[in-house]
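Let's take a stroll through this protein model, chain by chain. Keep the 3D view open and turn it as you read.

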Amino acid sequence: MAITWRAVAVTALGVVVVLVLPVPIVVVGWAVLVVALVALDVALAASPRRVEITRSVPVSVRLTEASRSTLLLTNRSGRRLRALVRDAWQPSAGATGNRHRVDLPDGESRRVVTALLPTRRGDRLADKVTIRSVGPLGLAARQVSLEVPGRLRVLPEFASRRHLPSRLARLRELDGRTAVQVRGAGTEFDSLREYVIGDDVRSIDWRATARRSEVVVRTWRPERDRRVMIVLDTSRTSAARIGDLPRIDASMEAALLLSALAARAGDRVDLLAYDRRVRAQVAGTGGPRLLPALADALAPVDPALVEADWPSAVAAVQQRLSQRALVVLLTSLEPAAVETGLLPSIAPLAKDHTVVVASVADPEVAQLRSARGTTAEVFDAAAAERTELERAAVTIRLRQRGVEVVDALPDDLAPRLADTYLALKAAGRL
Amino acid sequence: MTAPPAPSPLRPSAPTRSTVSATSTVMGDGTTASSRARRRWRRAVVPLVVVALLALAALLAAVLRPATSGTPLAPDNPEPNGGRALAQVLERQGVTVEHVRTSAEVARAAEPGTTLLVTSTFFLLPDQVDVLADTGADLVLAEPDWTALDSLTDGALDTGWADSTSTTVLAPECADPDARAAEGIDSDGSGLTSYGDATMCFPHPEADTFGERQYAYAVWDDDARRITAIDDATLLTNARLADEGHAALALRALGRNDHLVWYVPAFEDTGVEGGGVQPTGSLLPSWAGPVGAQLVVVVLVLAVWRGRRLGPVVTEPLPVTVRAAEATVGRGRLYRRSRSRGHAAAALRAGTARRAAARLGLPRSAGAPEVLEALARATGRDTAQVADLLYGPPPTDDAGLVDLTRRLDELESEVHRT
């Protein structure tokens, strides 16, 4: 039950009546009159429990893209429904203008649309639908809040896709390149072509030259059908906020760009989100279905406030890989966490596979390091300097174990990781 | 094997977006009017019981008012500034103690042959003082002020200006049996002086500026009654009653008659029957009450209107997102609080050395002498100077640390230029 401003106005009208007849009984009498009118109005209002509500909402939408939630209201109350309908969503679903006035004769239907503009990745859930059905006098209303399930999956934004064309161009340059630049154990023979000035004479195929009238060289191309295993660390260190987003979001951007690139390069991409157990995984999906599958798997992943269990993560990775592969660990170079967890368990992995550790650096630490204003800021700068020294030390220790380290700011991590992948591919280290 | 990579139909820009809609239909929440009423009752019963218990407790507290008060010198006040000890001892000795607060009650209770204790004359108006005089009862005045004392004793007694901070025990030095029985009191009062034939006891050690002796206790016998004045009311309090001879003096002065009227003047009493201040309501027009009540009703209805939400508040399940730099900032505060200038300087020096060495292309394994040598060559400085900057003693104060930081920045910028 709820009352409207008219009920307040009618009560306020009582002041005039009391001024004319200033006796206490008039106050009581007027209150009883207002209560009676309100009760009558409530009794005559259409029942909000006899309104059929059908919600339709898109299954998924990419972050920063607009979407809409539609409610189809059908009045089955046998009375005319004058109501205020609120379609409540989580605040981060960005449901603006979610209050709708409807005036529905009996048996008719109406569609109300609430615009959604999600501000966070993950599953955004609809809350209750509230119907406030006002009576014919407009004094009071019957109100009910109903659970009408609705879920909008908000996929990662994949803002780093703008870096993809340039990296694909670089990938094409690797293709069909002569052995001059790319001579490695892992490079594959691609085709024969005519010699042009500048080619390495060592790559001339003499047997083919002998069969033809011109000099022919062998060309090489990067290996195909290699495996790329992306391990996304979802433990406590990934919950830390860098800029406006948690570290895990920057890691996801990097994972998506690398997957898109590797898929185009003909490699097989698997993904594992892990802290103490598997949070999400994508395996055996290729071609056009890969990126949607990745985005869908990553969308609901949130950081868990637990310490990562690296030995079991490494075991899970090794169990899924039979051949040599590129293993990308998207984690953070938190000195304490790396010392105790990652360092001891990474050695066996680095022996069997090419391992890249990618970490999101914090621009705020760099800012702190260069601040010189007050004595307090100098102390902060010293602390930031110490943090960077420790990160550098951890980086060196990882490199000593044969691990590639990419440490970049949130916006740079995805392109830097893609570049590292291309460099490894060009060097035939995949 | 030699085929070029097949062009993928995938638009590489984004995960493709699903346009399939999920639908769900709901009507009502499966409740009936009676089930809702039952649920509401179940939800309301505990708060209702709590409110009822609170109301009962308030009622009991109002009915069973404690028999004590906090009024200074009141016979029902057990605090250090109260007079319950004195009143109880008197009652045990067979004296009936009647506690009154207004001069009307005084006029009714006090009569010749009773004792009237006035704990303070400060709030009394001249009319009320006259009421005291008219009772004909024996008066005991605790710390009277000048006007009341003057009018009650026809100018025979007056208040003095004794040094109230003295802590010496005063001897009676008079013939009054009550005072002699008390043997000694420790009065902090301002003293009493006599201009008539009053018996003055317990002289203060020093005379006032006019050479008059100051006394702590005075007895003035009118033909009809006896007026006793004590210059320090705190002698009668629970806290000080047991000190020196205070108890003897007070019990003898107040226990002279079988009936004692204990008058603690109330601030709001003006001596006029029916209270002094007129109720404010009587000044307002007659319609003010009902209109005020109606306005209260309007405000209540307004509150109900604005207070009803359109559905529950929706909460956001937020992930725990701590700023990543938080740990670094915390360490900076630790340095600051413990004034670890040595640690701070070491970190700054190591950072500068690492970056400069990297810029000069030195291997990470390079030792201190090589780094110093290379830096000196790059900046054109003296090796000893660079060594002092990078490996010198830690700064001893904050200014030293700031200065060191500035010089390190200078060194680094010179390396940068090279």
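## Chain A

Of the 430 residues in chain A, 56% are buried in this model, which is a predicted one. Chain A has 11 helices and 22 strands. Its exposed surface comes to about 17,800 Å², and carbon and sulfur atoms supply 54% of that.

What about contacts along the chain? If you take the contacts in chain A with a separation of 6 or more, 74% of them link residues that sit 24 or more positions apart.

## Chain B

Now switch to chain B, where 39% of the 418 residues are buried. You'll find 13 helices and 10 strands here. The accessible surface of chain B is about 23,400 Å², with 58% of it belonging to carbon and sulfur atoms. Among contacts in chain B between residues at least 6 apart in sequence, 62% join residues at least 24 apart.

## The nonpolar cores

In soluble globular proteins, nonpolar side chains tend to be buried together. Here, the largest nonpolar core holds 50 residues. Which of them touch the most other members? That would be A:Val228, A:Ile230, A:Leu326, A:Leu330, A:Leu413, A:Leu417 and A:Tyr421. Helix α5 of chain A (residues 247-264) gives this core its largest share, 11 residues.

Zoom in on A:Leu413 for a moment. Leaving out residues up to four places away in sequence, the ones A:Leu413 touches include A:Ala250, A:Ala254, A:Leu330, A:Val360 and A:Val406. Apart from the largest core lies another one, of 32 residues, including B:Ala74, B:Phe202, B:Val219 and B:Leu235.

## A helix with a buried side

Have a look at helix α2 of chain B, residues 84-92, where the buried residues are B:Leu86, B:Ala87 and B:Leu90. They are on the same side of α2(B), because the arc they cover around the axis is only 95°. So what covers them? The cover includes β2 (96-100), α7 (246-254) and β10 (259-263) of chain B. After α2(B) comes B:Gly94, with a positive phi near 95°.

## Salt bridges

Side chains of opposite charge can pair when their charged atoms come close. Over all chains, the structure has 44 salt bridges. In one of them, the side chains of A:Glu339 and A:Arg397 meet at 2.8 Å, N to O. A:Glu339 belongs to helix α8 (residues 335-352) of chain A and A:Arg397 to helix α10 (residues 375-400) of chain A, so this pair ties together parts 58 residues apart in sequence. A:Glu339 is partly exposed, at a relative accessible area of 36%, and A:Arg397 is partly exposed too, at 31%.

Next, try B:Arg240 and B:Asp186, a salt bridge whose closest N and O atoms are 3.8 Å apart. B:Arg240 lies in the loop between β9 (226-230) and α7 of chain B, and B:Asp186 lies in the loop between α6 (177-182) and β6 (192-194) of chain B, so the pair ties together parts that are 54 residues apart in sequence. Are these two residues buried or exposed? Both B:Arg240 and B:Asp186 are buried.

## Within one helix, and a network

B:Arg406 and B:Asp403 also form a salt bridge, with their closest N and O atoms 2.6 Å apart. These two both sit in helix α13 (residues 398-417) of chain B, three residues apart, which is about one turn of the helix. B:Arg406 is partly exposed at 43% relative accessible area, and B:Asp403 is partly exposed at 31%.

Finally, salt bridges that share partners join A:Arg369, A:Glu385, A:Glu388, B:Arg355, B:Arg359 and B:Glu412 into one network.

How values were computed: Residues are numbered from 1 along each chain as its sequence is written. Chains are lettered from A and ligands numbered from 1 in the order in which they are written. This is a predicted model: local features need pLDDT of at least 70, side-chain atom pairs count only at pLDDT 80 or more; totals for chains, interfaces and linings use all residues. Side-chain values use heavy atoms; hydrogens and water are left out. A nonpolar core is a set of buried Ala, Val, Leu, Ile, Met, Phe, Trp, Tyr and Cys residues joined through side-chain atoms within 4.5 Å. Buried means under 20% relative accessible area, exposed over 50%, partly exposed in between (1.4 Å probe, protein chains only). Helices (H or I, at least four residues) and strands (E, at least two) are DSSP runs, numbered from the N terminus. Contact means heavy atoms within 4.5 Å. Accessible areas come from the Shrake-Rupley method with a 1.4 Å probe; for residues, only the protein chains shown count as cover. The arc is that of the directions from the helix axis to the C-beta atoms. A salt bridge is a side-chain nitrogen of Lys or Arg within 4 Å of a carboxyl oxygen of Asp or Glu.
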